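The following paragraphs lead the reader through a protein model, one region at a time. Please keep the sequence and the structure in view while reading.

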Amino acid sequence: MTTTLESLGLQNFSCQLDADNVAWLSIDCVDSSVNRLSAEVLDEFSQALDYFERNPPAGLIIRSTKDAGFIAGANIDEFAELDTPEKGIALVSRGWTLFNRLAKVPYPTLALIRGHCLGGGLEMALACRYRLVVDQPDTSLSLPEVMLGIFPGWGGMRRLPALIGAPAALDMMLSGRPQDARKAAKLGLADGLVAPRLMDQAAKMQVLSQKPLRKAPGLGGWMNHPLARPLVAKQTLKKLNARDPYQHYLAPRAILEIWAKHNGNALKAPELVDQLIRSDTARNLLRVFHLQERLKAFGKKGRKQPAAQHVHVIGAGVMGGDIAAWCALKGLTVTLQDQDRSRIAVAQGRANALFARKKKDPREARAAADRLIPDLNGNGLRHADVVIEAITENADIKRSLYAQIEPLLKPGAVLATNTSSLSLEELCTGLRAPQRLIGIHFFNPVAKMPLVEVVETATIDPDVKAATYAFVGQIGKLPLPVQSTPGFLVNAVLAPYMLEAMRCVDEGLAPETIDAAMLEFGMPMGPIELIDTVGLDIARDAGSQLSGDANTPACLETHLANNELGRKSGQGFYQWKNNKPVKQSAGAIPVGLAQRLITPLINKTQEQLDRNIVADQDLADAGVIFGTGFAPFTGGPLHYKACNAGLPA
Ligand code: NAI
């Protein structure tokens, strides 16, 4: 192969021309572990196209030489600089024009996609004549812009519907959901699926033969017709309104409108572009993205450790059973111990349902089930890299268990407790090596909640800490470092919020009205429904312990006296049918109700920060967003407070 393009002095691309005059353009962004399409990178790509215009190759193959993947999207840090409408339009126009140019070049073009291919990266690939995806587990294609409150304005909104049909494309663009390699090939998003060792050969054959491989989008393609688009848009809008009745998120509606009215060309709707790009929502969602990356980084830090292979979970109840299932789902060998055989069996049943839901391939679901081993006698304990204790919340029982198991642990194994309220200092007293006990506090339901609080004390062994963070990252959860104190961060902030909601019930407000006020604010679930979901008995115990208020609300006393425990007993503040609360109309929401309810939560977040339970404001906001679902578009409780200073409390 000969090297071309050197005369241009490109920093982020290199290019080889092979004997058949096929140009292999490799993207490898400098000073970054991933490829991002910054203004500079796009400018270099444009220079490469200029070069190929003067020296047309027989075909152009675009690939990445980064281990991380193909392209991770635009450089989102540039969004923070868009302080005028003109700058926003210029950013959209830059990619739109360049990728239109790529789509029109006379020689065949192919994107060879291995690993992640996100946002602007997928839009670049969509502008190529062909796409091949490499069949490996981390290959993933998506247009996630909607999650940042913006839109795929570099041609994605036009080319994706044309390629795979409107319904599938709208689903991808409005949810931001990724497609793996197989699904991408099946959808027609890629022209073919290739094994890693054959990828170069396959790419070259495809680009030279120029054979059309993919199937036409069929009926979904017809739905792009200008006459069909308004009808599809109307139906889709109904679904969006049902999902987001209070219209907190403008981006999905804007994407739909730009597709329906302008065939995906955002430049035809400049006011909408400006409204979105410079909105508080987009800025806050960008903040949430960075917060998430920060939490993920804790999980990556400990990666120098060898990955955990085997987890032993003691306690197969609500939490232990689901923690074991989650770890097996994520590829670890798991032994699950309980003193009661029937609890293990019930946990296995729930685990099998999870595997069937999450693994579309039944063979993979079976493999996950095989990794989850019932272990009544605790034989797995000696082999485990991580031991998670999730037994009854009682310090004496936990301590006596630790005394039995400590001599059996493998050297270097992590001993973790899932306690939600007991202090680690108190729990570790009987251990010979108290510095090996750490908290890994999962949330219920384990499979749905992204956050895990890693509970630290001053005396924990640094190796145990590193191994714990690595383990939490390995199982795909977001670790939040917290100090050992009752309620840590998340439960501590929820307790006064739930208490305030019950005080409102005592004052005569309907649960429906209270819940509606918080849904309107942007919470994923109202506080009364949340109390019913966690259980009124648990809410009482946590509330009296964490809120510092000894007076149990009268409404809670009454329900408990009637043995109405919430969802699990079929009746709490609501009656529950098919796992759903039966709700009456919410009626008018009193002015200031949401502020009244959210203020105790915000104040408690500030208090936990002031007490150094979390290290800084960003981590406090991250913990409350990912641990409670606190309205992400506000940027988190403390950010919200800072932006709304002066609002009536
Ligand atoms: P659970 O009552 O559902 O399960 C506890 C299990 O431990 C039972 O199956 C019991 O048979 C078993 N067990 C008790 N002593 C044992 C022993 N010595 N050896 C082996 N098995 C034993 O309790 P749940 O709700 O799962 O809670 C477990 C832990 O997780 C507690 O520390 C709790 O504070 C914590 N937690 C609970 C959450 C929840 O929402 N339920 C959320 C986060 C943490």
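**The ligand and its surroundings**

An oxygen atom of the ligand lies 3.3 Å from an N or O atom in the side chain of Asn444. Taken alone, the ligand exposes 830 Å², and the protein buries 82% of that area. The model is a predicted one, and the distances and areas given here are computed from it.

Two further polar contacts involve oxygen atoms of the ligand. A polar side-chain atom of Ser420 lies 2.7 Å from a ligand oxygen atom, while Met319 contributes a backbone N or O atom at 2.8 Å from an oxygen atom of the ligand. In total, 19 residues surround the ligand, and the closest are Met319, Asp338, Glu393, Lys398 and Ser420. By character, the residues of this shell divide into six nonpolar, nine polar and four charged.

Asn444 also deserves attention for its backbone. The peptide bond from Asn444 to Pro445 is cis, with omega near 0 degrees. Most peptide bonds, by contrast, are trans. Pro445 itself lies in the loop between β17 (437–441) and β18, and these strands lead to the sheet described next.

The eight-stranded sheet is open, with its strands in the order β14-β13-β12-β15-β16-β17-β18-β19 and with mixed pairing. At its edges stand β14 (372–374) and β19 (478–483); each has a single partner strand, so one side of each is left without a neighbour in the sheet. From one strand to the next, the twist averages 25 degrees. At the β19 edge, β18 (residues 451–456) pairs with β19 in the parallel sense over six bridges, and Val455 stands opposite Val482 in β19.

Two helices lie across strands of this sheet. Helix α12 (residues 280–301) lies across β18 and β19 and runs at about 85 degrees to β19. Helix α13 (residues 318–329) lies across β12 (310–314), β13 (333–337), β14 and β15 (386–389), at about 165 degrees to β13. The residue range of α13 includes Met319, which is among the closest residues to the ligand.

A second open sheet has four strands in the order β5-β7-β9-β10, again with mixed pairing. Here β5 (69–71) and β10 (179–180) stand at the edges, each with a single partner strand, so one side of each is left without a neighbour in the sheet. Strand β9 (residues 140–142) and β10 run antiparallel and are joined by two bridges. In β10, Gln179 is the bridge partner of Leu141. Strands of a sheet pair through backbone hydrogen bonds, in either the parallel or the antiparallel sense.

Antiparallel pairing is also found between β2 (residues 13–17) and β3 (residues 22–27), which are linked over five bridges. Phe13 stands opposite Ile27 in β3. The two strands form a hairpin with four residues between them, and Asn21 in the turn has a positive phi of about 65 degrees. Most residues other than glycine have a negative phi. Another positive value belongs to Asn263, with phi near 50 degrees; this residue is found in the loop between α10 (251–262) and α11 (270–277).

Definitions and conventions:
Residues numbered from 1 in each chain as written. Predicted model: local features only at pLDDT ≥ 70, side-chain atom pairs only at ≥ 80, totals over all residues. Heavy atoms only, no water. Pairing = 2+ DSSP bridges. Axes fitted to C-alpha atoms, helices over the stretch in contact; angles between N-to-C directions. Contact = heavy atoms within 4.5 Å. Near = heavy atom within 4 Å. Polar contact = N/O pair within 3.5 Å; in protein donor to acceptor, adjacent residues only side chain to side chain. Areas by Shrake-Rupley, 256 points an atom, 1.4 Å probe, with all protein chains shown as cover. Nonpolar A, V, L, I, M, F, W, Y, C, P; charged D, E, K, R; others polar.
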